[in-house]
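Biologist: Could you walk me through one piece of this fold? I'd love to go through it step by step.

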Amino acid sequence: MAQGARPGTPPRREPREPALGVGRQRAAIGRPPASAARRWPLLPGAAPPVRVGLALGSDTGMASGAMEVLTLQLGHFANHVGAHFWNLEEELATLEEGAEGGGEVPETAFERLHRCTERAGAMSWHPRLVSVGLKGSLCSTYPGKGVEEQDPQPELVGPLWEHGTASHRSEPVPSHPFQLHLEDLECEEDEQTCAEADAEAGAEAAAVGAGNAAAQCPAGPHATAAYNFSDTVRSWTDYIQVRLPASSIHELAGWHHGVAPFATFFDGRQLRGSPDEEPVLDLVRRQLEMCDRLDAVHAVLDMHNGFSGVADVVLRWVHEEQPKCGQLVMAVQPPAAGGEQPAGPTGPGQASMGAADAEACAWVSAAFSFAGLLGAATDVWVPAAVPLWSAGRRPAALAGLREASAYETSALVATALEAATLPYRLRGGCRPSEFLSSLTPAHRPACGLLLALPLPSLQAAPTDAGGSPGAPAGAGTLAELQPHFMDIASTPALHHTNPYASLVLRGGTPRRLVDLCAGLPGRALRSSFAHPAPLPLPVPFPQIFGPQVSREGRLALPSPLDAMMARVPGQDVEACPTATYLHGTAMAGRSAPLHRMASAVRAHQRSAWAAATCQRFGVETDELREVLEVVTDHLESGAAAMSDSDGDRPRA
């Protein structure tokens, strides 16, 4: 138990060591450090991050510009994914900041996904981000929170009204305990900074007073179990630990979260010409103007509801403004995809029809979104539909995962996104646009994504009769690693025949990467990377791991030594080796999301729901047929239709 902890309270993670020099003023990414101090747990004798094969192009360094990456989060579940992603980034930034004092050079180029601002001599980092949601989806957090409340202005009424006026104000939504703790830490950070400045000026009394006030604050955030995130999270703003500026967030004024239906792709496409279009595009335009050299866009979007149409409008505009910019689209779908009910009467006798309409809204919208993004020159499109995840194929290490929880499932999608994009987020790494364009053949952006969390370590087999150690046993090849992979995109992988693939290891040695890449096509070798440090997990990360996963993220084997390394009940997994396998579906197995899209469009092409939708939004019947042809073409392209003769895709 940490010093000063109250008896009976969960154990706390120790506070991080402060950084030295200029880094002391940086204070992570928009927030003070929010979890434990852990040096990079480098493997013994580990080398810097390596890749297998040759470079993708001549422009692989950072000297010619930062080559920034803009992130778009469009939709409620997409913002859940984004909250976990930025928490992982904040954890990495804080660890690398603490490592600067020890002589370790940070590996991650945070300036690609973040922008730095300086105010009153203090530097702060904020994500290059535009987040769009429905009205009320921010829960207790909203743009402009913290501004002093003004007196209500008197309302103007007509001269014929004689009954007076009354103002009714709803009670504010209470903040989550984790957010309250972060605010306490931020106040403590400010008091300590002021105390240091006063001490340098000789004001000892003020320094002592600030120290006494800071002593009343908790030493650091509790363990994950203390907050019970899985049962108390109401929105993604409850567990995000990065402060987002108001210039990165927009709420659509015409729809209210959980009240007004925003169910179809066509609802979102009505953003064009609406009062919300200009504010959304202005936020994106401002982020573009703050980039020296925008090279790629990460778009995380809800593909099952109206935000698929919003993404169509925004990404087409981005493509017109930045035609050479690469695009990675993570199309996500929450556990209850039918939660966005279509508009219209639903009586007791129409219950089954309502469920069918909800299914049509989800997958028909996803199909229109996929077909529309082809016109925006998307390089990589990864579907992450939680309803298609198979519980029977879940790795044993993730025994605690509750697939009905958006908070838990979105963490896996964010982890996969973080690891898969690592190659071009490292300092001195490759160009994001070149890396993304090399992962898929021309005009075939659909990809599958596998995630191993944690990545099992190689275990030496028992010594043979001669006393010499045996060969490494288990997870030494991609085939042996397959049971530890979770199929995020519900698309089977064909490892040895698919040249459009990228294997990324976090917490793996270069030798491990070489062994796993044995038998892969040469094109896939050039896109495979290894980083020696495992992924640090922040306090809000869901503890979904089975008891066989140790505190350092190692899978324990049935041996006395590994039993001693297993974590005690209530202890968090603080770091985890990970692996991702990103592969093009044109050379892979049958994609379940594409199959579901084609089936939904085919089944509802002549239905009453389709007729009502076409009449309401002015959709031509030919559009349904064209979308069906596009989805079916990508679904049935298969490995036999592709060849290695496509070569690298040229970029205009």
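Modeller: Happy to. Strand β8 (residues 326-333) is largely enclosed by the rest of the structure, because eight of its eight residues are buried, meaning under 20% relative accessible area with a 1.4 Å probe on protein chains only. Strands here are DSSP runs of E with at least two residues, helices are H or I runs of at least four, and both are numbered from the N terminus. This is a predicted model in which local features need pLDDT of at least 70, side-chain atom pairs count only at pLDDT 80 or more, and totals for chains, interfaces and linings use all residues. Residues are numbered from 1 along each chain as its sequence is written, and side-chain values use heavy atoms, leaving out hydrogens and water.

Biologist: Which residues of β8 are buried on each side?

Modeller: Both faces of β8 are covered. One side holds G326, L328, M330 and V332. The other holds Q327, V329, A331 and Q333.

Biologist: What stands opposite L328 in β9?

Modeller: Strand β9 (residues 380-385) runs parallel to β8, joined by six bridges; pairing requires at least two DSSP bridges between strands. Opposite L328 in β9 stands V380.

Biologist: And which residue of β8 is the bridge partner of H298?

Modeller: Strand β7 (residues 294-302) pairs with β8 in the parallel sense over seven bridges. The partner of H298 in β8 is L328.

Biologist: How many of the 15 residues of α8 are buried?

Modeller: Helix α8 covers residues 307-321. Its buried residues include F307, W317 and V318. α8 is mostly covered, and the buried count is 11 of 15.

Methods. The expected span of a helix is 1.5 Å times one less than its number of residues. Buried means under 20% relative accessible area, exposed over 50%, partly exposed in between (1.4 Å probe, protein chains only).
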